[in-house]
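Thank you all for making the time this morning. I would like to go through one structure with you, beginning with the whole chain and then turning to a handful of individual residues.

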Amino acid sequence: MPAGSGRRASAQDRKRQRPHEVSFLDNVTQFLNYIDGKWLACGSGSTFENRNPADQDDLLGHFQASSAEDAQQAIAAAEKAFPAWRDTPISKRAKILNQAADYLVEHIEQFAEELTREEGKLLANSRDEIARSAQTLRFYAVEGQTITGETFPQDDAKMMVYTQREPLGVATIITPWNFPISIPARKIAPALITGNTVVFKPSSDAPLIAYRLAEALHHAGVPTGVFNFITGSASAIGEEITAAPAVRAISFTGSTAAGERIHRTASMATRTQMELGGKNPLIVLDDADIDTAVDLTIKGGFSLTGQACTGTSRVLIARSIKAEYLERLVARVKELQIGNGLDKGTQIGPLATRQQLDTVLGYIETGKREATHVHGGERLSGGDYDKGFYVSPAIFSDVTQEMRIAQEEIFGPVVAVIEIDGYDDAIAKANDTPYGLSAALATRNIEYIQRFPLDIQAGTVKVNRTTTGNLVNAPFGGLKQSSTSTFRESGRAGLDFFTQTKTVYVGR
């Protein structure tokens, strides 16, 4: 049972309220949009609540329920600001990113607590995410200054031929609730450093920490209209910020269905970058260390409450070690402490939303009908559990390829265990899904270690490591229905998406 729950803002906290936050109703903070360099309420005056998934009594604040008119205002501001920002020295752009990173680090304890309260992840994970976001801003502040073109030899001594890289224009950034500051940072930083202007819409389920990123950029002195932050539902403003003629790039992370809709409706002149779903396998061959396999399953499948697009949702394990693996896995999972992410000792937090809780519980019931239910999957109740969206990690065995829990993304702490007869069988089953985001292999066999990256249909490939996690300086993306195939995020690849190449011929 969790020892405590998240707290509501105290009177002392409200005294520290920033000038661009306003008191609303019963001393609850109202957070504003940031459009054209100003903190603004939406035109309709409507707002929506942001509550703690670990404790629904904990109200973090109200956010703007923006309309199409607000979105149009943000797009117009970004379009107007683009020419001057494109011509701004890159050293000045880099300085703004570095100062925004400094601001995040300076407020890391406050922002980490807010992130845990609005999304549910462990406080340590929230600190790591804030620090990673600052690292991302700093990485692009440096890496963005290394972009170069090429010169080309040719037969005319009076002519020079070269390429130059330049920004696209207005970029729309749309992000999910599971990594609500690190994912925006890895999109916004490369967009800004390369000279694009930005309209940023975060998930309505985790808008507060995204707001803090907007605040950091404002504090760092981002020029008027260069960066715009707007909250609201996808149904109200989604089309306005993706279909507008001024939008030249859309970077989206979320569900495959939503990504496909955006990709299909985007103009031919609009570049799209879609990071979507996954059904990520961990393959455990018969020579693997079983305790290591258990560790990788828990870290990949149950940490972050399974709410990671690269999370381990399938374990494809050699028939000869399956029984022992399951025995050790269940013993370890029974020891996991489930509770509020702010509490010391908690190892698994709540699901982020009531909708996600209902979805996960629905898949658990499906799993009970389809496969062998080994452990967990209960909606936790009693005491502080009644205030939040808690479910115990679920393990299913005897899972076969046609089952829904083997094919569909669940996005929760649910692992499907599938028997394999050797490496080739494992590869065939691992590849038998519409997705191809991340995959891992546990083995000591050097032949299979060398073959795996070529054989597996995944954009992120791990050997003796968990399916989750990626470096700031390395490309990230998937195959098949997990990503659009043209551009990767993160690392230097992130700069490629937000720039276009011109070939220039100069004669004399």
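Let me start with the charges, and please keep in mind throughout that this is a predicted model. The protein carries 53 positive and 60 negative charges, and the mean position of the positive set lies 5 Å from the mean position of the negative set. The surface that the protein exposes comes to about 20400 Å², of which carbon and sulfur atoms supply 50%.

As for the fold as a whole, the secondary structure comprises 16 helices and 23 strands. The radius of gyration is 24 Å, close to the 23 Å that the globule rule gives for 508 residues, so the protein is as compact as a globular protein of that length. If you look along the principal axes, the C-alpha trace spans about 75 × 70 × 35 Å. Of the 508 residues, 58% count as buried, and among the contacts with a separation of 6 or more, 73% are between residues 24 or more positions apart in the sequence.

Now to the individual residues, and here I begin with the one that carries an annotation. Which residue does UniProt list for "active site"? It is E275, and I should add the caution that the listing comes from an unreviewed entry. In the model, E275 belongs to strand β13, which covers residues 271–275, and is E275 buried or exposed there? Its relative accessibility is 2%, and because buried means under 20%, E275 counts as buried. Once its neighbours within four places in sequence are set aside, E275 is in contact with F252, T253 and G254, with L437, with F476, G477 and G478, with S482 and S483, and with F487 and E489.

A second buried residue is S182, whose relative accessible area is 10%. S182 sits in helix α6, which runs over residues 182–193, and, not counting residues up to four places away in sequence, S182 touches E129, R132 and S133.

Let me move from a helix to a loop. L380 lies between β16, residues 372–375, and β17, residues 394–397, and at 17% relative accessibility this loop residue still counts as buried. What does L380 touch, if we do not count residues up to four places away in sequence? The partners are I338, Y385, Y390, V391 and S392. To give you a sense of distance across the model, L380 and T265 are 115 residues apart in sequence, and their C-alpha atoms are 41 Å apart in space.

Finally, I would like to draw your attention to the backbone at two positions. D398, in the loop between β17 and α13, the latter covering residues 404–407, has a phi near 55°, which is a positive value in a residue other than glycine. S490, in the loop between β22, residues 479–480, and α16, residues 493–497, likewise has a positive phi without being glycine, in this case near 70°. As to their surroundings, D398 counts as partly exposed at 40% relative accessibility, whereas S490 is buried, with a relative accessible area of 3%.

If you take one residue from this talk back to the model, I would suggest E275, listed by UniProt in an unreviewed entry for "active site" and counted as buried in the prediction. I am happy to go back to any of these positions on the screen.

Note on methods. Residues numbered from 1 in each chain as written. Predicted model: local features only at pLDDT ≥ 70, side-chain atom pairs only at ≥ 80, totals over all residues. Heavy atoms only, no water. Helix = DSSP H or I, 4+ residues; strand = E, 2+ residues; numbered from the N terminus. Rg over C-alpha atoms; globule rule 2.2 N^0.38 Å. Buried < 20%, exposed > 50% of the residue type's maximum accessible area, 1.4 Å probe, protein only. Contact = heavy atoms within 4.5 Å. Areas by Shrake-Rupley, 256 points an atom, 1.4 Å probe, with all protein chains shown as cover. Lys, Arg positive; Asp, Glu negative; His and termini not counted. Charge placed at Lys NZ, Arg CZ, Asp CG, Glu CD. UniProt positions renumbered as here; feature names shortened; annotations may be inferred.
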